[in-house]
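Open the model in your viewer and keep the selection panel at hand. The stops below say what to select and what is there.

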Amino acid sequence: MRNPLSKVITEIEPSGIRKFFDIVNEMQDAISLGVGEPDFDTPWHIRDEGIYSLEKGRTFYTSNAGLKELKMEIARYIERKCNVAYDCEHEVLVTVGGSEAIDIAMRAMLDPGDEVLIPQPSFVCYTPCAMLANGTPVIIELKAENEFRLTAEEVRAAITPKTKLLVLPFPNNPTGSIMTKSDLEEIANVVIENDLYVLSDEIYSELTYGGAPHVTIASLPGMRERTIVINGFSKAFAMTGWRLGYACGPRVILEQMLKIHQFAIMCAPTMSQYAAVEALRNGEGDVEKMREEYDGRRRYLLHRFREMGLSCFEPYGAFYMFPCIQEFGLSSEEFAEKLLESEKVAVVPGTAFGKSGEGFVRVSYAYSLEDLKKALERIERFVTGLRK
């Protein structure tokens, strides 16, 4: 028989995150610090709006690009938070999660052979999405000594005549690193000089700590017309299961993204869109409460890691820590496997997010402080045993 499978898809590795989730689900008394999902329920007033939409019979398709009132609220939110103005009719697209927005942005922009610069460690979908869009991923290895921030020099060194798109995954999953305005200004200069485009994944933009507000590269001079901003409701509003994201960017790109979305998806879930309108109109207080809780957990984990002598830089974004485990002479996967076997605590090997994640593990603090305390006691016992 002829091979029924695409060569491209068979060359893509499955997500390295799922392996440990599957094991821990079958393990009694295990504590998972591996899931990148808020432990908060979706705020009640947002859930209530979703329920109300069902009660009112709002169960039909919306327009392909999304409810007009939701697109208007997204545009207002981006202008209010990031000081960037978008035309809600032609420059905002509602998608099924941020992941769909990333996928269709790459498919709309890439021709075969176009190179995509992807900083790693980073979220697992960028490389597969680039490959599925017939692009060529070019990995930029982020460095621990730079707190895993991307530098203009690293971007410049990776550029070739085939480079078209730069992925900016900040605040970063898995490291928790962020980019300052001055960092972005230097990168923007390189992007403009080399006539590149940027896909800026800002799904964690509301979860930044330390006082400095999130800055989008789209707000810098000359960058709005070169940037697709990806965001959504999963992390900030604790709406992971509602599957709702969005993209904002130049009309010439958004129109082609909409074309793919029309044929592949039709529209995002109607109930979720009505809930999202309520989230943007009245949910900022909920976001602030969750951010304060995450910040307390962040500071607790950082203190405990340092107390047990585990090297970890201070992350100022998302809800992850990325401690270094190189001193133990184990690979990231070996460390995670042994920790799970001996102490029933699940973390994710850094290599799940790229080869440059070797020597680190991702620890999520999207869990209750009670669970974090139990898990950290077990981790401390584990690392103490390794040092003997």
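Select Arg58 and Tyr274. The charged end of Arg58 sits over the ring of Tyr274, at 4.6 Å from the ring centre. Keep in mind that this is a predicted model.

Next, select Arg226 and Tyr197. Here the charged end of Arg226 sits over the Tyr197 ring, and the distance to the ring centre is 6.0 Å.

Now switch to cartoon and bring up the sheet. It is open, has 7 strands and mixes its pairing. Follow the order S2-S8-S7-S6-S5-S3-S4 across it. Colour residues 92-95 and 136-141: these are the edge strands S2 and S4, and each pairs on one side only. Look at how the neighbours are set. On average, neighbouring strands in this sheet are turned by 20° against each other, direction ignored.

Zoom in on residues 115-120 and 163-168. These are strands S3 and S5; they run parallel and are joined by 3 bridges. Which residue of S5 stands opposite Leu117? Select Leu166 to see the partner.

Add residues 97-109. This is helix H5, packed on the sheet. H5 touches S2, S3 and S5, along with S6 (197-201), S7 (227-232) and S8 (245-248). Compare directions: that of H5 makes about 160° with that of S7.

Turn to the aromatic rings. Across the whole structure, a search finds 14 aromatic pairs. Select Phe148 and Phe313. Their ring centres are 5.7 Å apart and their planes meet at 45°, so this pair is tilted. Trace the chain between the two: Phe148 is in the loop between S4 and helix H7 (152-158), while Phe313 is in the loop between helix H11 (284-307) and strand S9 (320-321). The pair links distant parts of the chain, 165 residues apart. Are these two residues buried or exposed? Both Phe148 and Phe313 are buried.

Move to Tyr204 and Phe319. This aromatic pair is edge-to-face, with 5.5 Å from centre to centre and 90° between the planes. Tyr204 lies in the loop between S6 and S7, and Phe319 in the loop between H11 and S9, so the pair ties together parts 115 residues apart in sequence. Check the surface. Tyr204 has 3% relative accessibility and therefore counts as buried. Phe319, at 0%, also counts as buried.

For the last stop, keep Tyr204 and Phe319 selected and add Phe40, Tyr294 and Tyr320. Together these five residues form one aromatic cluster.

How values were computed
Residues numbered from 1 in each chain as written. Predicted model: local features only at pLDDT ≥ 70, side-chain atom pairs only at ≥ 80, totals over all residues. Heavy atoms only, no water. Pairing = 2+ DSSP bridges. Helix = DSSP H or I, 4+ residues; strand = E, 2+ residues; numbered from the N terminus. Axes fitted to C-alpha atoms, helices over the stretch in contact; angles between N-to-C directions. Contact = heavy atoms within 4.5 Å. Phe/Tyr/Trp six-rings, centres within 6.5 Å; stacked < 30°, edge-to-face > 60°. Buried < 20%, exposed > 50% of the residue type's maximum accessible area, 1.4 Å probe, protein only. Lys NZ or Arg CZ within 6 Å of the ring centre and 35° of its normal.
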